[in-house]
Amino acid sequence: MNNQTVVKRESKNKIKVEFERTPLLKRLKAKYLTVFFLTKVIWVIFRLVLLVGISYVVLFPFFAKITGSFMSPQDFIDTTVKMVPKSPTLQTYRAIIVENNYWKALLNTAVLSLLCAVAQMFICTMVGYGFSKFKFKGNTIAFGLVIFTLLVPHPTLQFSMFMEFRYFDFLNIFEGIRRLMGFTKATDLKVNMINTYWPLALLSLTGLAFKNGLYILIMRQAFKGFPDEYEEAAYVDGSGVFKTFFQIVMPNMIPMMVTIFLFAFTWQWTDEFYVNLFTTENGPYLLPKIVQIPRSLTLSQAAIQASTMYQSAIRNTCGLMIIAPLIVVYLIGQRFLIQGIERTGMTAD
């Protein structure tokens with residue numbers, strides 16, 4: 001084996017020396033005018049064109065919305081204006097901030113999204129840990145019901161959820177008190193939670209909020225890849241279930257928990273279904289409610305023909321102002337998000 005290795009090394013060195021002694025033109029022809037090199041170049045160009053094309057298709061709508069947010073009504077009338085405004089203005093942003101109470105909606109939405117995201121993160125983590133590490137009767141059926149919540153359309157439950165929180169009565173306790181005290185109306189002593197944060201808070205704390213079934217599934221799969229030896233060692237040292245969970249298991253799941261937090265925060269931030277279901281005009285002022293035309297941005301008679309495009313640009317600007325804070329949140333937590341996504345598919349059942 002040693003002699004063969006020496007021969008191969010000598011042969012390679014000899015070929016290398018001979019190749020370096022050949023003229024430069026011949027070396028370039030031998031290196032670059034080959035089928036392999038041409039195939040590689042064509043494949044690189046194809047991938048570059050494909051990526052540029054996909055990027056253009058994905059990013060062009062965002063560029064169009066951003067440039068449209070700086071256009072004045074005259075730019076929408078001018079047929080020569082396509083993407084770059086001739087009369088750039090911040091009037092649209094100024095009107096949305098002042099007249100649509102952007103800062104108030106931003107603060108209310110931030111508080112609500114933060115509370116719901118934290119609650120969903122902890123609840124879904126604990127539920128996912130229970131499904132993955134504890135064997136009990138009905139485990140498969142219960143987890144199947146969790147998956148089933150992902151398949152049920154939310155409008156199907158719209159009326160029942162509204163009525164449940166409009167006349168809230170936990171375990172019919174208030175109903176029993178009503179009968180004992182002799183009240184005649186069925187709505188007596190029942191709590192009206194509409195136009196409050198309580199419906200969204202209770203849904204988050206009970207693991208029934210928007211996309212919670214998905215979060216539980218993600219955490220369950222993540223816990224499947226967590227070694228049982230760590231927990232067994234903690235149990236041997238005298239740690240209980242909760243102490244082991246909070247001191248051993250949870251610190252190792254920080255990236256996954258941050259991923260769940262970002263998902264929950266983002267979906268709650270842009271949620272319109274539950275916000276419109278549980279709040280009215282007199283309720284908490286949240287970001288989805290700023291998507292309206294400010295009164296000061298009325299069009300003149302000369303701009304009537306461009307009213308549709310202009311109003312669309314105003315609504316798009318509202319959308320940009322809604323998602324702008326989410327970009328900041330993503331930039332802060334992108335490292336944890338990438339780590340969490342990588343861990344999601346580590347194991348299978």
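User: Where is P155 found in this model, and is P155 buried or exposed?
Analyst: This is a predicted model. P155 sits in the loop that links helix 7 (139–148) to helix 8 (158–166). Exposed means over 50% relative accessible area. P155 has a relative accessible area of 53%, so the call is exposed.

User: How far apart are the C-alpha atoms of P155 and F273?
Analyst: Along the chain, P155 and F273 are 118 residues apart. In space, their C-alpha atoms are separated by 8.5 Å.

User: How are helix 12 and helix 13 oriented to each other?
Analyst: Helix 12 (residues 228–236) packs on helix 13 (residues 241–249) with axes 10 Å apart and an angle of about 130°. Angles over 145 would count as roughly antiparallel, and 65 to 115 as roughly perpendicular. The crossing is right-handed. The pair is therefore oblique.

User: Which residues in helix 13 meet helix 12, and how many nonpolar residues does the contact have?
Analyst: Helix 12 brings Y230, E231, A234 and Y235, and these meet V241, T244, I248 and V249 in helix 13. By class, that contact has 1 charged residue, 1 polar and, for the nonpolar count, 6.

User: Which helix gives the most to the largest nonpolar core?
Analyst: That core has 41 residues, and F223, M253, W269, L287 and I290 touch the most other members. Elements giving two or more residues include helix 11 (212–224), helix 13 and helix 16 (307–344). The top giver, with 9 residues, is helix 14.

User: Which residues does M253 touch, leaving out those up to four places away in sequence?
Analyst: M253 is one of the core residues that touch the most other members. With those sequence neighbours left out, M253 touches A222, F223 and F226.

Terms used
Residues are numbered from 1 along each chain as its sequence is written. This is a predicted model: local features need pLDDT of at least 70, side-chain atom pairs count only at pLDDT 80 or more; totals for chains, interfaces and linings use all residues. Side-chain values use heavy atoms; hydrogens and water are left out. Axes are lines fitted to C-alpha atoms, for helices over the stretch in contact, and angles run from 0 to 180 degrees between N-to-C directions. Helices (H or I, at least four residues) and strands (E, at least two) are DSSP runs, numbered from the N terminus. Angles under 35 degrees count as roughly parallel, over 145 as roughly antiparallel, 65 to 115 as roughly perpendicular and the rest as oblique. A crossing is left-handed if the near helix is turned anticlockwise from the far one by less than a right angle, and right-handed if clockwise. Contact means heavy atoms within 4.5 Å. Ala, Val, Leu, Ile, Met, Phe, Trp, Tyr, Cys and Pro count as nonpolar, Asp, Glu, Lys and Arg as charged, and the others, Gly among them, as polar. Buried means under 20% relative accessible area, exposed over 50%, partly exposed in between (1.4 Å probe, protein chains only). A nonpolar core is a set of buried Ala, Val, Leu, Ile, Met, Phe, Trp, Tyr and Cys residues joined through side-chain atoms within 4.5 Å.
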